[in-house]
Amino acid sequence: MIEYNVKIDAFEGPLDLLLHLINRLEIDIYDIPVAKITEQYLLYIHAMKELQLDVASEYLVMAATLLEIKSKMLLPKKEEELFDNDEEFSDYEEDPRDELMNKLIEYRKYKEAAEELKELEQERNYYYTKPPSDLSEFTKSISTDDIKLDVSLYDMLGAFQKLLKRKKLQKPLQTRVTRQEIPIERRMSELLDNLKRVKGKTHFFDLFPEPNKEYIVVTFLAILELLKKNEIILEQQNNFEDIYVSYNERGSGIIGTY
């Protein structure tokens, strides 16, 4: 099969991915459950490899760091020994999570500061002097139904993980199949034709009718490419709910983080 190597800029680094998982799972950053966060982190890395995405070495280094911290947490802790003058003994072991926690707290400060600066930049964009323009001809095509909840790449990867679990691709299929190369351009065309024919919303999982790994990967990459070209719209009513796909007739759909 032809390999489709795709580089993405949605993840700004392993700390960004860890912070996203901590916020999503509502974890206390000062008391991180290493086993739980390591499992979720490795699931995302696994999903990225399944999609044949280029995983930077820094993500793999962070995965190794999490596994090291997890192994240290399983070791028996040394008891604190005190001198007669109540001074702590020098063999006192620090929490192995402290270094990672401090990095995450520092990263969160910079991330929040960057978001504030971005808001200030957006506010500054409103200060622009120009003659008033007549935009009445555009008001007829504006509909409040087009306001959707933003669907990011994190949501797409989460939906892809659910899809893999449903299809149970980890288990070998009890059948013999013939390998067939699937051009991503052809799959994009097929998806657009199906969405135009439906003339409405289609469940994300319904776009993967065949339980073939190569077919699923190419279909997912085709969806990302169509989203990048603004030819489809992704909708999600609330966080963590199912995602629906529809054809974008005006070519002004939601641009997810890609």
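Select Arg-97 and Asp-31 to begin, and you will find that their side chains meet in a salt bridge, with N and O 3.0 Å apart. As you look, keep in mind that this is a predicted model. The pair links distant parts of the chain, since Arg-97 belongs to the loop between α3 and α4 while Asp-31 belongs to the loop between α1 and α2, 66 residues apart. Side chains of opposite charge can pair when their charged atoms come close.

Now colour the two partners by how much of each can be reached from outside. Arg-97 has a relative accessible area of 16% and is therefore buried, because buried means under 20%. Asp-31, on the other hand, counts as partly exposed because its relative accessibility is 46%.

**Asp-95, a neighbouring stop**

Add Asp-95 to your selection, which you will find in the loop between α3 and α4. With a relative accessible area of 25%, Asp-95 is partly exposed. If you also select Ile-69 and draw a line from C-alpha to C-alpha, the distance to Asp-95 is 9.3 Å, although the two residues are 26 apart in sequence.

**The whole chain**

Zoom out and switch to a cartoon view, in which the protein shows eight helices and three strands. Followed from the N terminus, the elements run α-α-α-α-α-α-α-β-α-β-β. Of the 258 residues of the protein, 34% count as buried.

**Inside the protein**

Which residues have the most contacts inside the largest nonpolar core? Select Tyr-41, Met-156, Phe-204 and Ile-232, which hold that place in a core of 60 residues. To see where this core comes from, highlight α1 (14–24), α2 (34–50), α3 (57–74), α4, α6 (153–167), α7 (184–198), α8 (213–228) and β2 (232–235), each of which supplies at least two of its residues. The largest share, 11 residues, comes from α8.

While you are inside, select Ile-22, which is found in helix α1. Ile-22 counts as buried because its relative accessibility is 3%. Pro-33 makes a useful companion here, as Ile-22 and Pro-33 are 11 residues apart in sequence and 9.8 Å apart in space, C-alpha to C-alpha.

**Two further salt bridges**

How many salt bridges does a search of the whole structure find? The search finds nine, and two further examples show how the positions of the partners along the chain can be described.

Select Arg-187 and Glu-190, which form a salt bridge whose closest N and O atoms are 2.9 Å apart. Both residues lie in helix α7, three residues apart, and this spacing is about one turn of the helix. Arg-187 is buried, with a relative accessible area of 3%, whereas Glu-190 is partly exposed, at 31%.

Next select Glu-235 and Lys-201, whose side chains meet in a salt bridge with N and O 3.0 Å apart. This pair links distant parts of the chain, with Glu-235 in strand β2 and Lys-201 in the loop between α7 and β1 (202–203), 34 residues apart. Glu-235 is buried, with a relative accessible area of 6%, and Lys-201 is partly exposed, with a relative accessible area of 49%. Before you leave the salt bridges, bring back the residues from the opening of the tour, because Asp-31, Asp-95 and Arg-97 are joined into one network by salt bridges that share partners.

**Two backbone positions**

Move to Lys-199, which lies in the loop between α7 and β1. Its phi is near 55°, a positive value in a residue other than glycine. Is Lys-199 buried or exposed? At 76% relative accessibility, Lys-199 counts as exposed, because exposed means over 50%.

Then select Asn-230, whose place is in the loop between α8 and β2. Asn-230 is not a glycine either, yet its phi is positive, at about 65°.

**The last stop, on the surface**

Finish by switching to a surface view and selecting Glu-112, Glu-115, Glu-116, Glu-119 and Glu-123, which form a negative surface patch. One of these residues, Glu-123, is found in helix α4 (residues 98–125). Glu-123 counts as partly exposed because its relative accessibility is 44%.

Notes
Residues are numbered from 1 along each chain as its sequence is written. This is a predicted model: local features need pLDDT of at least 70, side-chain atom pairs count only at pLDDT 80 or more; totals for chains, interfaces and linings use all residues. Side-chain values use heavy atoms; hydrogens and water are left out. Patches are made of residues with over 30% relative accessible area and no salt bridge: like charges are joined within 9 Å, nonpolar side chains (Val, Leu, Ile, Met, Phe, Trp, Tyr) within 5 Å. Accessible areas come from the Shrake-Rupley method with a 1.4 Å probe; for residues, only the protein chains shown count as cover. A salt bridge is a side-chain nitrogen of Lys or Arg within 4 Å of a carboxyl oxygen of Asp or Glu. Lys and Arg count as positive and Asp and Glu as negative; His and the chain ends are not counted. The place of a charge is taken as NZ of Lys, CZ of Arg, CG of Asp or CD of Glu. Helices (H or I, at least four residues) and strands (E, at least two) are DSSP runs, numbered from the N terminus. Buried means under 20% relative accessible area, exposed over 50%, partly exposed in between (1.4 Å probe, protein chains only). A nonpolar core is a set of buried Ala, Val, Leu, Ile, Met, Phe, Trp, Tyr and Cys residues joined through side-chain atoms within 4.5 Å.
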